[in-house]
Amino acid sequence: MLLSRRVDDKEIQLKRQNKTFFQISSAGHEAVTTAAAMALKPAYDWFYLYYRDRAICLACGMTPAEMLYSAVGAAADPNSGGRQMPSHWGYKKANIMSVSSPTGTQFLQAVGAAEATMRASNLSDKDGFPGDDVVLVTTGEGQTSEGEFYESLSTASNLGLPVVYLVEDNGYAISVPVEVNTPGGSISEIVKSYPGLHIEKVDGCDFIASYEAMSRAIAYARERRGPALVHARVIRPYSHSLSDDEVLYRPKEERDADAARDPITTFPAWLVANGHATEAELKAIAEAVDAEVLAATDDALSQPQPAADTIHFGTYSPDVDPTSEQFDTEDDPQFSGDPTTMVDLLNVCMKDEMRRDPRILVFGEDVADVSREAYLGKVKGKGGVFKVTWGLQKEFGGNRVYNSPLAEANIVGRAIGLAHRGFKPVVEIQFFDYIWPAYMQLRDELATMRWRSNNHFSAPVVVRTTYGGYIRGAVYHSQTGASLFTHCPGLRVVCPSNALDANGLLRTAIRCDDPVIFLEHKHLYRQTYNKGQYPGPNFMIPFGKARTVREGTDVTVVTYGATVQRAFVAAREVAERGISVEVIDLRTLSPWDKEAVFNSVRKTNRVIVAYEDSESWGYGAEIAARIADECFPYLDAPVKRVASTDTWVGYAPQLEDAILPQVSSFVSAYEDIVRF
């Protein structure tokens, strides 16, 4: 407890000396967090923490020097290699998962990690699962205002998961007092009706009471009786961070009342009063702590920062490259059966992969055949709104294929936690239009996990989602904003235009070690022109490999998804008038095949970039910019775009047709560019 406080004090001193750049302390939380760590087992149990948990990390084996490496941004920082601010913990050898800045994103990931123990037990999978491990997730009381807190509690309660919530309630979320964030001022009162949730309330400044409360809560979860929540009232003797001044909003009498409860003074006094320690022993402890912190400071200040040439390390897996020849079996398909739809070839790919790897899990809204397994055999089964997952539950059971609540963040957050424990989640967001509640988990968590932890942690999740128009789906069933994901370093973004490519690309997505956004166009699911034969269980298409749909000499059109066929039909039409168009299907949007595009541009000297999203700020702008940068000497005309109007998509057929790119849009573009 004292070591935690002294490291905080040293960081504050270094910040004021301009030797570090940020500080946020754990002061006042040391009693309950030390107690929590002592009641748990590092490298056995799992920890999803937040920034005020220095004492937990110290008790789990992290050294003061390692903490100060983080403060100075040293390359040796075990939390992030200097990539994150101090107090963003991540200590792999103790199972302390990488902490991020967004408030409340840890809850669903912790629930996913706890869910992994349940799934593993049901599958008799003991590799990495001792059987009675628990997950600790910590939070301040302010973070419990986030919706993901309640989503996580719902799933933890529904599934009876072995997760322990520790709410470190210091009364303030920066300057906002607890009664503003929490109706009635007590989160434990609000959540006490959750079925199976064990609740403990404790003075978090009382170490003995905290240890007893944490021990009871952890035992409850370890015995697989369900989740537990410990509501610990603590203090915050320092400001929220050094960017905050609590004197501006907390009167002296309130701060003095907190100081009277400070465990760094009250616990030593209790030890002496009850004969557990002498003043001399406490003085020796304090001197040893001060010496350790001083030595750690000298060590940290001498450490080099990470080299500039390391910036790309860990953006993607350094070990598994989905663009490599290892994933290129496209030239040797083992075809069988009659041509079939994209829906069918996606379905059979998932079946192949689930037979190959027992740790693949499929879940999302409506993906199961039934939620009540007793109905299997009595009904045909749902298997997704578009039937892409139909029959998976029947073959692989409800432990591997199951429905989630109607909550997109819940799906992705849980998937991240499951991936941390070695499962391979292939999850479905039913409609791209509704993916946005999950965007925090996708961008700030899934995409950053490997990079921010300096490659110590990863979450190779596949997120399948349907997107796009041409179905009379109006505003909320026609969205196509792929650029919002291609703009996220760390995500692979895939967009097949036909059944065969969908099969091979999904197989690569599942076998690679990076998170993948897999975009499936609803309009393409059952078209006859894009059918394909089953290519066998080892058919893969590497990421970043475009397909030349049609050779040409006058114009290159670079496109993907549902506009591929429109570009192709238009190319055949203008060919009758002497215009030769080369059609390139990118297939993957991040990475994209620059070499194929540039080679084509150098051949035709004219290029059109086509995409279904709105013209302005769309994905095609990046392709156009790269062509202008690297192929300018070869261009005989400006780069042209074919895209949707800068509006939403309307429902009435005449509106939709006017908004989305049509064959006629391509014909006009081809004719215009060759006339330039």
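The legends below describe close-up views of salt bridges in a predicted model, which holds 49 salt bridges.

**View A. Salt bridge between Asp133 and Arg224.** The two side chains meet with an N to O distance of 3.7 Å. The pair links distant parts of the chain, 91 residues apart. Asp133 lies in the loop between α5 (106-122) and β2 (135-140), and Arg224 lies in the loop between α9 (207-222) and β7 (228-233). Asp133 is buried, at 1% relative accessibility, whereas Arg224 is partly exposed, with a relative accessible area of 31%.

**View B. Salt bridge between Lys192 and Glu189.** The closest N and O atoms of this pair are 2.8 Å apart. Lys192 counts as exposed because its relative accessibility is 53%, over the 50% cut-off. Glu189, at 35% relative accessibility, counts as partly exposed.

**View C. Salt bridge between Lys603 and Glu582.** Here the closest N and O atoms are 2.5 Å apart. The bridge connects helix α21 (residues 594-604), which holds Lys603, with strand β18 (residues 581-585), which holds Glu582. These partners are 21 residues apart, and the pair links distant parts of the chain. Lys603 is partly exposed, with a relative accessible area of 39%. Glu582 is buried, at 4% relative accessibility.

**View D. A network of salt bridges that share partners.** The acidic members are Asp328, Glu330, Asp501 and Asp585. Lys545, Arg547 and Arg587 belong to the network as well.

Definitions and conventions. Residues are numbered from 1 along each chain as its sequence is written. This is a predicted model: local features need pLDDT of at least 70, side-chain atom pairs count only at pLDDT 80 or more; totals for chains, interfaces and linings use all residues. Side-chain values use heavy atoms; hydrogens and water are left out. A salt bridge is a side-chain nitrogen of Lys or Arg within 4 Å of a carboxyl oxygen of Asp or Glu. Helices (H or I, at least four residues) and strands (E, at least two) are DSSP runs, numbered from the N terminus. Buried means under 20% relative accessible area, exposed over 50%, partly exposed in between (1.4 Å probe, protein chains only).
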